[in-house]
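Q: Could you take me through one helix pairing in this protein, slowly and closely? I would like to see how that part fits with the rest of the fold.

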Amino acid sequence: MNANLQLYPALKAFFHSLWKTKQAAQMISEMPVNNPLESMFEYYHRTLNTCSPSEMKEEYILFIIGFLQYVKSIWPQQKVDKDQLTATSPSYMERIMTWIEENYTNFLKYRIGGAQ
């Protein structure tokens, strides 16, 4: 994932912030009324299930970039609830980001038959 974010230093820094920095808020608690996430997920679900293997990596990367860009834009407005503060265990966000980092390449290999 890091290599794919090289051209987007602000998104790369945000991704690493979510992944490696202890976050007070581990979820997006308030979504704007007309947020694009639902339609974004629907679009990429259809696209990733119907695109050719040669297009798979590009579509996946575009989805991740769009997702991170949107979350980055709404992240500062999130309210922090003291109950959301974590103890010493890894945050949910850190575990999710670690999983994405660890499984990204394997997912692409599986979906596009090893072609990169």
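A: Happy to. Let's start with α2 and α3, whose axes come within 10 Å and cross at roughly 175°. Here an axis is a line fitted to C-alpha atoms, for helices over the stretch in contact, and angles run from 0 to 180 degrees between N-to-C directions. α2 and α3 are therefore roughly antiparallel to each other; angles under 35 degrees count as roughly parallel, over 145 as roughly antiparallel, 65 to 115 as roughly perpendicular and the rest as oblique.

On the α2 side, the contact is made by Leu 37, Met 40, Phe 41, Tyr 43, Tyr 44, Thr 47 and Leu 48. From α3 come Met 56, Glu 59, Tyr 60, Leu 62, Phe 63, Gly 66, Phe 67 and Tyr 70. Contact means heavy atoms within 4.5 Å. By class, this contact has 12 nonpolar, 2 polar and 1 charged residues, where Ala, Val, Leu, Ile, Met, Phe, Trp, Tyr, Cys and Pro count as nonpolar, Asp, Glu, Lys and Arg as charged, and the others, Gly among them, as polar. Met 40 is a good residue to click on: leaving aside neighbours within four places in sequence, Met 40 is in contact with Phe 63, Gly 66, Phe 67 and Tyr 70.

A word on the source: this is a predicted model, in which local features need pLDDT of at least 70 and side-chain atom pairs count only at pLDDT 80 or more, while totals for chains, interfaces and linings use all residues. Residues are numbered from 1 along each chain as its sequence is written, and side-chain values use heavy atoms, with hydrogens and water left out.

Now for the other partner of α3. α1 and α3 pack at an angle of about 75°, with their axes 10 Å apart, and are therefore roughly perpendicular to each other. Ala 10, Leu 11, Phe 14 and Phe 15 of α1 meet Ile 65, Leu 68, Gln 69, Val 71 and Lys 72 of α3. These residues divide into 7 nonpolar, 1 polar and 1 charged.

Both pairings lead us to the core. The largest nonpolar core has 25 residues, and those with the most contacts inside it are Phe 14, Phe 15, Met 40, Tyr 60, Leu 68 and Met 97. Such a core is a set of buried Ala, Val, Leu, Ile, Met, Phe, Trp, Tyr and Cys residues joined through side-chain atoms within 4.5 Å; buried means under 20% relative accessible area, exposed over 50%, partly exposed in between (1.4 Å probe, protein chains only). α1 (9-20), α2 (37-50), α3 (53-74) and α4 (92-111) each supply at least two residues of this core, and the largest share, 10 residues, comes from α3.

Stepping back, the secondary structure comes to 4 helices and 0 strands, with helices (H or I, at least four residues) and strands (E, at least two) taken as DSSP runs, numbered from the N terminus. Buried residues make up 33% of the 116 residues in the protein.

Two more residues are worth a look. Trp 19, found in helix α1, is buried, with a relative accessible area of 8%. Trp 19 touches Glu 94, Met 97, Thr 98 and Glu 101, not counting residues up to four places away in sequence. Asn 4, in the segment before α1, is buried too, with a relative accessible area of 19%. With residues up to four places away in sequence again set aside, Asn 4 touches Lys 57, Ile 61, Ile 65 and Tyr 104.
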